[in-house]
Structures are given as C-alpha cells and as structure tokens.
Amino acid sequence: NLQVSPEKENSQGEVQVSVDVTNTGKRTGDEVVQLYIKDKVSSVTTYVMQLRGFERITLEPGEKKTLHFVLHPEHLALLDKNMNYTVEPGAFEVLAGSSSEDIKLKKEFIIE
C-alpha cells in the first residue's frame, strides 16, 4: 500500500509518502524499509536511483505499521549543466523495499 500525495506537485512543494509493512511470519522481526527516488527523465545524467529515506521497525507476528516519509525539494534536486541545484519538471518514481536490489513497491508522481 504505497501512497504518494500529491501525485502532482510544483518544484518547491513537499511530497508525502506512506507505506504499510506487515509481519507475515510467526516470530517478532525487524525490517529496514528503504525509500528510493528515480528521476525518469533529466537534462543531465543522474544516478539510476537515490536513497532518500529509511526506517527500522520491529513488528510482532501479524502486526502492520504504516511508515511516513516526506520528500523535500532538495531530495529531488540535481546539479544541472550550469552546476546549479534545481528541481526539474517531469516524472519521478518512488521505490520502497528492503534494499536497492529488493524493491517491492513503485509509484510515480509528477513535478510541474
């Protein structure tokens, strides 16, 4: 249940992200939920994805928790060709998982 709000925002706005995590096992367990961001199209070459938040939680068997993250403009900024930090308009993707190689959920949002 990955939620992104709003799905369209201006370059100076904040994007709220929430994700549900459930322990489906029979024992108490810990999980580190990692939040990545991917700029779908940019004017310069960027990383494939960038870590923008993480949280470690402990869950009892069958327990579900909702984690909340906030993406600020600086989380979406890149160095443009003139070496200025800027938030470019376009599509971004939020990815959540246990690691960069174990992405479980994805959702897109737009910066206008």
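Glu9 lies in strand E2 of the predicted model, strands (E, at least two residues) and helices (H or I, at least four residues) being DSSP runs numbered from the N terminus. Residue numbers start from 1 along each chain as its sequence is written. In this predicted model, local features require pLDDT of at least 70 and side-chain atom pairs count only at pLDDT 80 or more, whereas totals for chains, interfaces and linings use all residues; side-chain values rest on heavy atoms, with hydrogens and water left out.

Glu9 is buried but takes part in no salt bridge. Here, buried denotes under 20% relative accessible area, exposed over 50%, and partly exposed the range in between (1.4 Å probe, protein chains only). A salt bridge requires a side-chain nitrogen of Lys or Arg within 4 Å of a carboxyl oxygen of Asp or Glu. Lys8 provides the nearest side chain of opposite charge, 12 Å away from Glu9; Lys and Arg count as positive and Asp and Glu as negative, while His and the chain ends are not counted. When residues up to four places away in sequence are set aside, Glu9 touches Glu14, Val15, Ile110, Ile111 and Glu112, contact being defined as heavy atoms within 4.5 Å. One of these residues, Ile111, is also the bridge partner of Glu9 in E10.

E2 and E10 run parallel and are joined by two bridges; two strands are taken to pair if DSSP finds at least two bridges between them. Both strands belong to an open sheet of five strands with mixed pairing, in the order E2-E10-E9-E4-E5. At its edges stand strand E2 (8-9) and strand E5 (50-59), each of which pairs on one side only.

Within this order, E10 is followed by E9, and an aromatic pair links the two strands. The structure holds one such pair, formed by Phe92 and Phe109, whose rings are stacked at 5.6 Å centre to centre with 15 degrees between the planes. Rings of Phe, Tyr and Trp (its six-membered ring) pair if their centres lie within 6.5 Å, and planes under 30 degrees apart are classed as stacked, over 60 as edge-to-face and the rest as tilted. Phe92 belongs to strand E9 (residues 90-99) and Phe109 to strand E10 (residues 102-111), so the pair links distant parts of the chain, 17 residues apart. Phe92 and Phe109 are both buried.

Two further residues of E9 illustrate its surroundings. Glu93 is found in this strand and is buried, with a relative accessible area of 12%. Beyond residues up to four places away in sequence, Glu93 touches Tyr36, Ile37, Lys38, Lys40, Lys106, Lys107 and Glu108. Leu95, also located in strand E9, counts as buried at 1% relative accessibility. With neighbours within four places in sequence left aside, Leu95 is in contact with Gln34, Leu35, Tyr36, Ile37, Lys38, Ile103, Leu105 and Lys106. Between Leu95 and Arg52, the C-alpha to C-alpha distance is 9.9 Å, with 43 residues separating them in sequence.

A second arrangement is an open sheet of three strands, ordered E1-E3-E6 with antiparallel pairing. Strand E1 (3-5) and strand E6 (64-71) occupy the edges with a single partner strand each, so one side of each has no neighbour in the sheet. On average, neighbouring strands of this sheet are turned by 20 degrees against each other, direction ignored; axes are lines fitted to C-alpha atoms, for helices over the stretch in contact, and angles run from 0 to 180 degrees between N-to-C directions.

E1 and E3 pair in the antiparallel sense over three bridges, and Ser5 stands opposite Gln16 in E3. Strand E3 (residues 15-22) is joined to E6 by eight bridges, again antiparallel. Among the bridge partners in E6 are His68 for Ser18 and Thr66 for Asp20. Six of the eight residues of E3 are buried, so this strand is largely enclosed by the rest of the structure.

For the chain as a whole, the secondary structure comes to one helix and ten strands, following the pattern β-β-β-β-β-β-α-β-β-β-β along the sequence. The C-alpha trace spans about 55 × 25 × 15 Å along its principal axes. Of the 112 residues in the chain, 36% are buried. Among contacts between residues at least 6 apart in sequence, 60% join residues at least 24 apart.
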